[in-house]
Amino acid sequence: MISRRHLLASALAAPAFAARPFRYADIEAKIAKRDFTGITKEDLPTPAMVVDLAAFERNLKAMASYTKANGIDLRAHCKIHKSTHIAKRQVALGSLGITCATVAEAELMVGAGIPHVLYSSQAAGKNKIARTIALAAKDPTFMCVADDPLTVDLLDEAAGAAKIKLNLLADLHAGLTRAGHATGAPGLALAQNIDRRKNLKFMGVMGYSGTASHTKGWEARRAKSITDVKPVVDTAELCRKAGMNVAMITGGSTGTYNIDKEIGLTELQAGSYVFMDTLYMTVGGKSDPALYTDFVPSMAVMTTVISQNHKGQVTIDAGNKAMLKPTDRVVGRPEVIVENQGAEYGILKWTEGNGFKLGERAELYCSNLDTSTNVYDRYYVCEGDKLVDVWPIMGRAGALQR
Ligand SMILES: Cc1ncc(COP(=O)(O)O)c(C=O)c1O
């Protein structure tokens with residue numbers, strides 16, 4: 001039989017539920033009406049992505065004022081956030097347009113009315129070429145890249161058939177073997193090939209150095225960036241000398257944003273700066289060789305502790321499906337380490353401090369924004385503990401979004 005004392009103890013252990021009954025359906029209905037009043041982080045499901053609005057705004061403004069003050073343009077990359085809301089905010093703060101990694105992202109951004117979208121991967125195969133041409137037909141400011149003469153042929157032919165002129169850049173090798181035509185004479189030849197086509201408009205060159213972006217230490221990063229990107233800028237110069245109009249030399253990243261202008265890029269495609277992830281936090285900055293503090297972490301994956309049967313460790317409700325990684329960091333608790341446990345489970349471990357308790361929330365900075373963002377549906381935007389907005393994450397799943 002349950003004693004009076006036991007009942008009293010359990011009532012004391014759960015005051016929040018007694019004071020405010022948990023009705024998740026009500027919360028979803030409120031969110032659908034965009035009425036966020038009274039909703040706090042505690043009400044939200046986990047695992048969930050939570051954005052610290054003040055820190056997010058600080059990052060956006062830091063990049064906007066850096067680019068304005070230093071005479072380099074920004075065409076912010078959206079693969080990190082996949083959110084039209086964030087893209088519009090970036091454009092409002094001066095981003096020339098938005099850079100996209102996939103045709104689905106480009107469709108999302110163009111569909112949201114964002115001009116000057118750059119699809120920065122090569123459109124290969126019937127499906128992607130057809131969708132690229134449709135984007136150009138819908139928005140004459142849309143642009144894309146080619147790193148192969150075959151693509152130049154196919155895009156020219158498809159643009160001609162659609163009776164449109166497609167804005168095209170030559171994608172040049174900048175240290176990353178993922179993509180990019182050889183620089184120098186071959187790069188010039190590719191650019192000239194684009195420039196002489198009836199249905200294509202040569203816009204300039206792209207050279208993205210993904211190897212420089214995460215090089216540790218600012219001086220080492222600068223050196224790597226010069227090695228990788230200078231040949232791209234030199235090839236743009238060859239194009240100019242050959243009489244071509246090079247309207248843009250695009251590339252760059254969050255890691256090299258304060259390096260690329262001196263090399264000669266005219267615009268940056270930085271993306272991660274909006275949220276920051278743990279890979280970027282440890283690349284080191286100009287002022288601190290160990291920590292990159294130019295932009296602050298503004299987004300975390302909020303989890304719930306769901307079991308606590310062993311000393312110095314608890315289980316959380318985020319595992320492989322939530323893209324949990326041992327390199328994730330627990331917000332405000334540097335002494336706690338993260339371990340993968342399985343598809344739906346993660347482990348937090350500690351040997352000092354108070355650790356975590358059953359039912360408690362633990363927020364984690366993710367290791368790589370691109371992959372984590374891809375498995376969530378929305379950003380819960382918060383001011384302190386209060387929910388103030390919800391931004392959908394799109395362009396990532398389902399037939400229409402691939
Ligand atoms: C083509 C391209 N441009 C720019 C970036 C820069 O992004 P971030 O600032 O997140 O490093 C990326 C990231 O992978 C990219 O693939």
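Which backbone oxygen lies 2.9 Å from a polar atom of the side chain of Asn167? In this predicted model, the partner turns out to be Phe142, whose backbone oxygen sits at that 2.9 Å separation from the Asn167 side chain. Asn167 itself belongs to strand β6. With a relative accessible area of just 8%, Asn167 falls under the 20% limit and so counts as buried. The polar side chain of Asn167 thus has a backbone oxygen, that of Phe142, to pair with.

Moving on to the ligand, 15 residues surround it, and the closest of these are Lys79, Thr254, Gln269, Ser272 and Tyr280. Sorted by class, this shell breaks down into five nonpolar, eight polar and two charged residues. As for where the ligand sits, the space it takes up is the second largest pocket.

Several polar contacts can be picked out between the protein and oxygen atoms of the ligand. Thr254, already listed among the closest residues, places a polar side-chain atom 2.6 Å from a ligand oxygen. Tyr208 also uses its side chain, with a polar atom there lying 3.1 Å from an oxygen atom of the ligand. Gly271 takes part through its backbone instead: one of its N or O atoms is found 2.8 Å from an oxygen atom of the ligand. As for overall cover, the ligand on its own has 390 Å² of accessible area, and the protein covers 94% of that.

The backbone has a few spots worth a look, starting with a cis peptide bond. The bond in question runs from Thr46 to Pro47, and its omega is near -5°. Pro47 is part of the loop that links α3 (24-32) with β1 (48-52).

Two residues other than glycine come with positive phi values. One is Lys163, with phi near 60°. Lys163 lies in the loop between α8 (149-161) and β6 (166-171), the latter being the strand that holds Asn167. Is Lys163 buried or exposed? Its relative accessibility is 74%, which is over the 50% cut-off, so Lys163 counts as exposed. The other is Met323, where phi is about 65°, again positive although the residue is not a glycine. Met323 is located in a loop too, namely the one between β11 (313-316) and β12 (329-330).

Definitions and conventions
Residues numbered from 1 in each chain as written. Predicted model: local features only at pLDDT ≥ 70, side-chain atom pairs only at ≥ 80, totals over all residues. Heavy atoms only, no water. Near = heavy atom within 4 Å. Polar contact = N/O pair within 3.5 Å; in protein donor to acceptor, adjacent residues only side chain to side chain. Areas by Shrake-Rupley, 256 points an atom, 1.4 Å probe, with all protein chains shown as cover. 1 Å grid on protein atoms, 1.4 Å probe; cavity = no way out; pocket = protein on both sides within 12 Å on 5 of 7 lines; lining within 4 Å. Sits in = over half its atoms within 2 Å of the grid points. Nonpolar A, V, L, I, M, F, W, Y, C, P; charged D, E, K, R; others polar. Helix = DSSP H or I, 4+ residues; strand = E, 2+ residues; numbered from the N terminus. Buried < 20%, exposed > 50% of the residue type's maximum accessible area, 1.4 Å probe, protein only.
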